[in-house]
Each structure stands twice: as structure tokens, then as C-alpha cells.
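Morning, everyone. Let me put the structure up, and then I'll walk you through it.

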Amino acid sequence: MAVDMELEAVLRAPEIPQAKYPPKVITLANSKKMVVREAERRDVPILLKAVKPTMEIDRDFYDIVGARLYAELLGWYKHRVRNEYCLIGQIDGYVVGIVNGRMVNKDIGMSYHTLALDRGLRVGSHLFASKMEHHIEYLGQKEVWITAESPIGFRRWMIEYGLLEQEGIQHELGGANSYKLTREIYFETKPRLVAGTRPVPKRLLEQAEKEILVADEETITEKICGVKGR
Ligand SMILES: CC(C)(COP(=O)(O)OP(=O)(O)OC[C@H]1O[C@@H](n2cnc3c(N)ncnc32)[C@H](O)[C@@H]1OP(=O)(O)O)[C@@H](O)C(=O)NCCC(=O)NCCS
């Protein structure tokens, strides 16, 4: 037992203290209010339930992003990833999107994944913007490294933000070239891309914090795949 605990101490990823992301609320195009807030490590098992169905969806790269996000969240839960954080979007308590990343060091942030579970409302875009806000404004970092795994992601991040392609830098996710968001790009694009107000009204925040609700698998799949005419 003592040996197991000693070994666990060796295997456990060390962590630097991180500033918290203050919750905010965004009014979406359909007038619904999405609360964006930081998840706690103890929330991971319920978040995994929301991500799991996406691993089987071979559309718009949901399967690969879902599988990787699942592994990253589990890695955070089991203390196998350093300095990770996760932000979630909730509407009426239901989780509608998840983003995560980590601090490489004081100055550099690594953006991991963005997953929208409710589509057509720019839930993913708002959450990606919240993730950039977290790195630059709350973690106080100089830059964020970002790569894309899907054409929608490439359009939403590299093109919309005008990210800078990084020569000779490999992003932690492997794969395609790495881009970066600098503080300058962030503050330039902020008025156009970063939405939301604080503080979150008490009732809304209490509802979000009380319980993270997860739609059933059929509903998640229908929302991701069910757009008319495609
Ligand atoms: C990339 C992503 C986070 C963007 O989220 P978002 O900003 O909320 O955008 P949506 O996914 O709702 O919409 C993207 C486009 O797909 C269309 N779309 C496809 N299927 C849709 C559906 N079932 N319902 C509504 N819109 C759908 C939208 O009309 C939209 O078109 P537009 O770009 O002309 O506005 C999200 O598409 C996602 O989670 N994709 C899978 C994982 C992924 O690729 N992550 C990023 C890796 S770089």
C-alpha cells in the first residue's frame, strides 16, 4: 500500500497554481442564456458521459475530437496531465459545449479541444473565445498555441482570429501546423469575438452549479447531425 502511494506520487503530474475563470453569461442567437464556467476535477465523470456519444459520430470530425477530449479529461481526473483546465457552457443546466487546454508554463498556453454539443448557435465559437480570454486575461499568458483538426475549426479559429502560423513549432496534439494567438491579436479581436457579461445572475449560476445535466445519446446525436438539407 505504502509502495503504491509512493509510486502514485511519482506518476502524478505536478501542477502550478492557476487563476480561476470567473463565470459569465452569454445570450445566444435564439435568446437562450449560456452560462460559461470552469469545471472542477470532480465534474469529469459527468462530462465524460456528454463526450462519449460523440466518439461514434463520423461527421465533421466529432469522433476524433471527442475521443481525444475524452482522454484529456480522464487524464486530468486521474492526475496524468499537467496544469489542465476545462470550461463548460450550460443552458438550463445542460452541458452544451466543452473546451479545455493547459498552461505549458507562465507565458505559454496550449489550447486542446473545442466541442459543441448544440449546434447552429456558435456555442463552440463562444467557448473557444472564452478559452482565449482565460489564457490571456486570467492566466495572464503571453500567447496561446492552437492547431485545427477540422475545416470548421480552421475557419473559426485560424481565419476568424487571423492567427499566426508558427515556423518549426510542433503543437502538443501532433498533427497539423501550430498557430498562435498573441495578446495583441486577442485584444484586437476581443470586441468582435469575445462575448458575455458578469456577474452571472444568482439564479442562473445556482442552476448551473447545482447539477451538470447531460442530454441523452439520441438527443446529442440528433443535434450534431440533424441539420436540415445536409
Ligand atoms: C468546430 C466547432 C466547435 C464549432 O462550433 P460552433 O461555432 O458552435 O459551430 P457549429 O458546429 O454549430 O456550426 C458550424 C457550421 O456547421 C453547420 N452545421 C453542421 N451541422 C449542423 C447541425 N446539426 N446543426 C446546426 N448547424 C450545423 C452550421 O450551419 C455552421 O455553418 P457556418 O460555419 O456557415 O455558420 C463544432 O463544429 C464542433 O464541435 N465540431 C467537432 C469538433 C471540432 O471540429 N472541434 C474543433 C477542432 S479544431
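I'll go from the overall fold to one helix pair, then the ligand shell, then some loop residues.

One thing before we start. This is a predicted model. Keep that in mind throughout.

Overall picture. The protein chain has 8 helices and 8 strands. Its C-alpha trace spans about 55 × 40 × 40 Å along the principal axes. Does the radius of gyration agree or disagree with a compact globule? It agrees: for 230 residues a compact globule would be near 17 Å, and the protein chain has 17 Å. Buried residues account for 37% of the 230. Now the contacts. Take those between residues at least 6 apart in sequence: 66% of them join residues at least 24 apart.

Next, a helix pair. H2 covers residues 44-51 and H3 covers residues 62-77. They pack at an angle of about 170°, and their axes are 10 Å apart. An angle over 145 degrees counts as roughly antiparallel, so H2 is roughly antiparallel to H3. Who makes the contact? From H2 we have Val44, Leu47, Leu48 and Val51. From H3 we have Gly66, Leu69, Tyr70, Leu73, Leu74, Trp76 and Tyr77. By class, that contact holds 10 nonpolar residues, 1 polar and no charged.

Stay with this pair for a second. The loop between H2 and H3 holds Phe61. Look at its backbone. Phe61 is not a glycine, yet its phi is positive, about 65°. Is Phe61 buried, exposed or partly exposed? Phe61 has 16 other C-beta atoms within 10 Å, so it is partly exposed.

There is a second case like that. Asp92 also has a positive phi, about 50°, and is not a glycine. Asp92 lies in the loop between strand S3, residues 84-91, and strand S4, residues 94-103. With 13 other C-beta atoms within 10 Å, Asp92 is partly exposed.

One more backbone item. Which peptide bond is cis? The one from Arg198 to Pro199, with omega near -5°. Pro199 is in the loop between helix H6, residues 183-193, and helix H7, residues 202-210.

Now the ligand. There are 23 residues around the ligand. Which of them come nearest? Arg119, Gly120, Gly124, Ser150 and Gly153. Several elements give two or more residues to this shell. They are H3, strand S5 (108-116), helix H4 (123-138), helix H5 (151-161) and helix H8 (217-225). So H3 turns up again: it packs with H2, and it contributes to the ligand shell. By class, the shell divides into 11 nonpolar, 7 polar and 5 charged residues.

Next, a pair of loop residues that touch. Asp107 is in the loop between S4 and S5. Gln141 is in the loop between H4 and strand S6, residues 143-146. Leaving aside neighbours within four places in sequence, Asp107 is in contact with Gln141 and Lys142. With the same kind of neighbours left out, Gln141 touches Asp107, Ile108, Gly109, His135 and Ile136.

Now the burial of these two. The cut-offs matter here: 20 or more neighbours is buried, 12 or fewer is exposed. Gln141 has 22 C-beta neighbours inside 10 Å, so Gln141 counts as buried. Asp107 has 11 inside 10 Å, so Asp107 counts as exposed.

Some distances, C-alpha to C-alpha. Asp107 and Leu139 are 32 residues apart in sequence and 8.7 Å apart in space. Gln141 and Val36 are 105 residues apart along the chain, and their C-alpha atoms are separated by 20 Å.

Last residue: His171. Where is His171? In the loop between strand S7, residues 164-165, and strand S8, residues 179-182. His171 has 19 C-beta neighbours inside 10 Å, and therefore counts as partly exposed. Buried would need 20 or more. Setting aside neighbours within four places in sequence, His171 contacts Trp145, Thr147 and Ser178. Take Thr147: it sits 24 residues from His171 along the chain, with 6.7 Å between the C-alpha atoms.

That's the tour. Questions, please.

Key. Residues are numbered from 1 along each chain as its sequence is written. This is a predicted model: local features need pLDDT of at least 70, side-chain atom pairs count only at pLDDT 80 or more; totals for chains, interfaces and linings use all residues. Axes are lines fitted to C-alpha atoms, for helices over the stretch in contact, and angles run from 0 to 180 degrees between N-to-C directions. Helices (H or I, at least four residues) and strands (E, at least two) are DSSP runs, numbered from the N terminus. Angles under 35 degrees count as roughly parallel, over 145 as roughly antiparallel, 65 to 115 as roughly perpendicular and the rest as oblique. Two residues are in contact if their C-beta atoms, placed from the backbone, lie within 7 Å. Ala, Val, Leu, Ile, Met, Phe, Trp, Tyr, Cys and Pro count as nonpolar, Asp, Glu, Lys and Arg as charged, and the others, Gly among them, as polar. A residue is near a molecule or strand if its C-beta atom, placed from the backbone, lies within 6 Å of it. The radius of gyration is taken over C-alpha atoms; the globule rule is 2.2 Å times the number of residues to the power 0.38.
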